[in-house]
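Here are some short exercises to help you find your way around a new structure. Try each one yourself before you read the solution.

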Amino acid sequence: MNQRKVRTIRQGRNLPEVRADNLSVVVEAIQKLQPISRSELADATGLTAASITHMVNELEAFNLLVETPSSVRNIGRRPTLLTFNQNRGQVIGVEISRSGVQAIRSDFGGRTLARLERPFQPSSSVEKGLAVVREVIADIIDVQLPLLGIGVGVPGPVDSTAGIVIEPPNFGGWRNVALTASLSEHFGVPCWLDDDAKAAAFGERWYGAGRNEETLLYISLRSGVGAGLILGDRVYRGAHELAGEIGHTTIHVDGPLCECGNRGCLETLVSVPAIMQEARRLGLNARNPAELHQLALEGNLVAQNIKERVYLYLSAALVNAVNHYDPAVIVLGGQLVRSWPELTDTLAVKVKGRSFGYLSKDIRIIASSLGTDAVALGAVAIAIHNILRDLQGTLTTPAVTAQAAVNAAAVQSQKHTEINT
């Protein structure tokens, strides 16, 4: 019997997907330029006047925009100006790291309204960890406004589609945790999840250093080394959502054994724990990268050599990234960037000239402009963009007031307490 060959057919993009992409273009333009008229919006986005009218009408149908008359009249009818409706609702973005939970509350335009941070120990039970996350979200919510959705960034690997935290290294017993389902049930609103480095890349693209770029590589230098790659305004994930694992690229073939099983991974050489372990091994009395930097400034040759070695490995990794991905800009973020003020400029000089000549002339290597807010703001952006992909489904369900969400969360917390006791 003849078996039919399985053929892989390239998938087209359906109209709702194209529509959602155009909506995100319009939303971004309004975020940057509000108040703005329809004609100015068409000029800024390159979309036709008819398309702008259709999308603005759609956003207005969900009460996301406010129109006010312009004070300026040129010829004919006075234009109306569009701004986001600050009373329409709030979006919560959350970062869960190995040391804390940070939350940002924003309006639909991505404007930060409040921040909150609490200590976090992932080595405790999963349920205790989830309780801290729920508590932070509940405490930052404005009970006077509807809650539209929640975005979360967490150390990978993750399954962003299913909303599952798979098994982050050094993250206690967190394994196959259905985080978005738990938070959605708890607060009664949609929730979305992504790897923290990819979330930070999204944050820098929409609100930070990469706001004018469609192609961006974000690299996080802290307890781990992660990356998020934006291509054509979309996060590139790869076949198994492992794209961006720059920390596990081999830099030193005979180097230290990594937790992933490989040797000489970048993370074993330039992550904050690796740097501080090397400093202790060499007898330096430094508790963190900032103190190591200070020793180097004071002329300590050991500290200076450690930093030079880190720059050697990092510049090699960035040269590889430039040659592999050809990004318009590389954004560096994380504790190491904040602790070593010269890091970004030093790497920019070292990388230029080591990659293909015509690439190194144009590549920009810059520091994060969002700092410690990058992941949480990226989670806000992820939530907003997912809402845009399904306005009908996310904004026409029965309205969830923030007070109702907090009350529901309190009931859920009581149930969990009763079960645990």
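**Exercise 1: a small sheet**

D159 stands opposite I164 in strand 8. This is a predicted model, where local features need pLDDT of at least 70, side-chain atom pairs count only at pLDDT 80 or more, and totals for chains, interfaces and linings use all residues. Residues are numbered from 1 along each chain as its sequence is written, and side-chain values use heavy atoms, with hydrogens and water left out.

Task: work out which strands stand at the edges of the sheet.

Solution:
- Start with the pairing: two bridges join strand 7 to strand 8 (residues 164-165), and these two run antiparallel. Strands are DSSP E runs of at least two residues, numbered from the N terminus, and two of them pair if DSSP finds at least two bridges between them.
- Next, the order: this open sheet of three strands reads 7-8-9, with antiparallel pairing.
- So strand 7 (158-159) and strand 9 (177-178) are at the edges: each has a single partner strand, which leaves one side of each without a neighbour in the sheet.

**Exercise 2: a helix with a face**

Task: find out how the buried residues of helix 5 are arranged around its axis.

Solution:
- List them: in helix 5 (residues 179-187), L179, T180, S182, L183, H186 and F187 are buried, meaning under 20% relative accessible area (1.4 Å probe, protein chains only). Helices are DSSP H or I runs of at least four residues.
- Now look down the axis: the buried residues of helix 5 fall within an arc of 160 degrees, so they line one face. That arc is taken from the directions from the helix axis to the C-beta atoms.
- Finally, step past the end: G188, just after helix 5, has a positive phi of about 75 degrees.
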